[in-house]
Amino acid sequence: MEDEADKVTGGCLCGAVRYEAEVYLKTAHYCHCRMRQRSSGAPAEIGVTVKPGSLVFTKDEPKYYQSSPFGRRGFCPHCGSRLIWDAPSRPEWTNLCIGTLDHPEDVVPSQHICVDSQLPWYQLDDGLPRSRSDEDPELKAAWLNTSY
Ligand SMILES: [Zn+2]
């Protein structure tokens with residue numbers, strides 16, 4: 001990671017689940033993949049990467065839905081807010097949904113990923129780097145290593 005991790009706090013809509021973590025605020029990414037669209041109900045989701053080992057749930061814990069052979073999505077079991085995506089075998093991929101941060105205004109998006117499923121009417125003229133899902137060698141390898 002290019003920048004230092006910053007301490008953040010956050011939680012779900014109803015307040016049942018709360019967390020503290022160190023995240024890389026300046027390397028947040030828009031993800032346009034279909035799973036994130038379906039899971040969030042939004043045209044894209046912005047995730048901020050968590051420094052491995054720094055995430056602590058300070059109040060209750062999310063429930064997880066295993067959305068792919070290697071990744072899962074955590075949500076509040078009471079209000080349904082999506083909080084986190086993680087891959088237990090790749091802790092460095094863990095990212096929090098930035099809308100759940102107490103101060104999402106501190107996030108600085110740095111790229112768009114999975115733009116192959118970006119909705120045609122959802123245009124952000126921000127000049128940030130863009131990549132297709134098949135252009136990420138690590139993600140591609142994770143899929144190839146599954147039994148799918
Ligand atoms: Zn909640």
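Okay, so let's start with T9: its bridge partner is E20, over in β2. Keep in mind that what we're looking at is a predicted model. That T9–E20 pair belongs to a bigger ladder, because β1 and β2 run antiparallel and 6 bridges join them. In general, strands of a sheet pair through backbone hydrogen bonds, either parallel or antiparallel.

Zoom out a little and you get an open sheet of 3 strands, in the order β1-β2-β5, with antiparallel pairing. Which strands stand at the edges? Those are β1, residues 6-11, and β5, residues 56-59. Each has a single partner strand, so one side of each is left without a neighbour in the sheet. As for the twist, it averages 25 degrees from one strand to the next.

Now over to β4. This strand is mostly covered, with 4 of its 5 residues buried. β4 pairs with β3 in the antiparallel sense over 3 bridges, and there you'll find Y30 standing opposite I46 of β4. β4 also pairs with β9, again antiparallel and over 3 bridges. In that pairing, V48 has L96 in β9 as its bridge partner.

Those two names, V48 and L96, come back when we get to the core. The largest nonpolar core has 26 residues, and the members that touch the most others are V23, V48, L83, L96, I98 and V107. Which elements give two or more residues to this core? They are β2 (18-23), β3 (28-31), β4 (45-49), β8 (82-86) and β9 (95-97). So β2, which we met in the open sheet, is also a contributor here.

Let me finish on I98, since I think it's a nice one to click on. Where is I98 found? It sits in the loop between β9 and β10, with β10 covering 109-113. And is I98 buried or exposed? I98 counts as buried because 23 other C-beta atoms lie within 10 Å, and the cut-off for buried is 20 or more.

Who's around it, then? Leaving aside the neighbours within four places in sequence, I98 is in contact with A28, I46, G47, V48, P104 and V107. Take A28 from that list: I98 and A28 are 70 residues apart in sequence, yet their C-alpha atoms are 8.4 Å apart in space. Two more of those contacts, V48 and V107, are on the list of core members that touch the most others, as is I98. And I46, another contact of I98, is the residue that Y30 stands opposite in β4.

That's my tour; happy to rotate the model if anyone wants another look.

Note on methods. Residues numbered from 1 in each chain as written. Predicted model: local features only at pLDDT ≥ 70, side-chain atom pairs only at ≥ 80, totals over all residues. Core = buried A, V, L, I, M, F, W, Y, C linked by C-beta atoms within 7 Å. Buried ≥ 20, exposed ≤ 12 C-beta atoms within 10 Å, placed from the backbone. Contact = placed C-beta atoms within 7 Å. Pairing = 2+ DSSP bridges. Axes fitted to C-alpha atoms, helices over the stretch in contact; angles between N-to-C directions.
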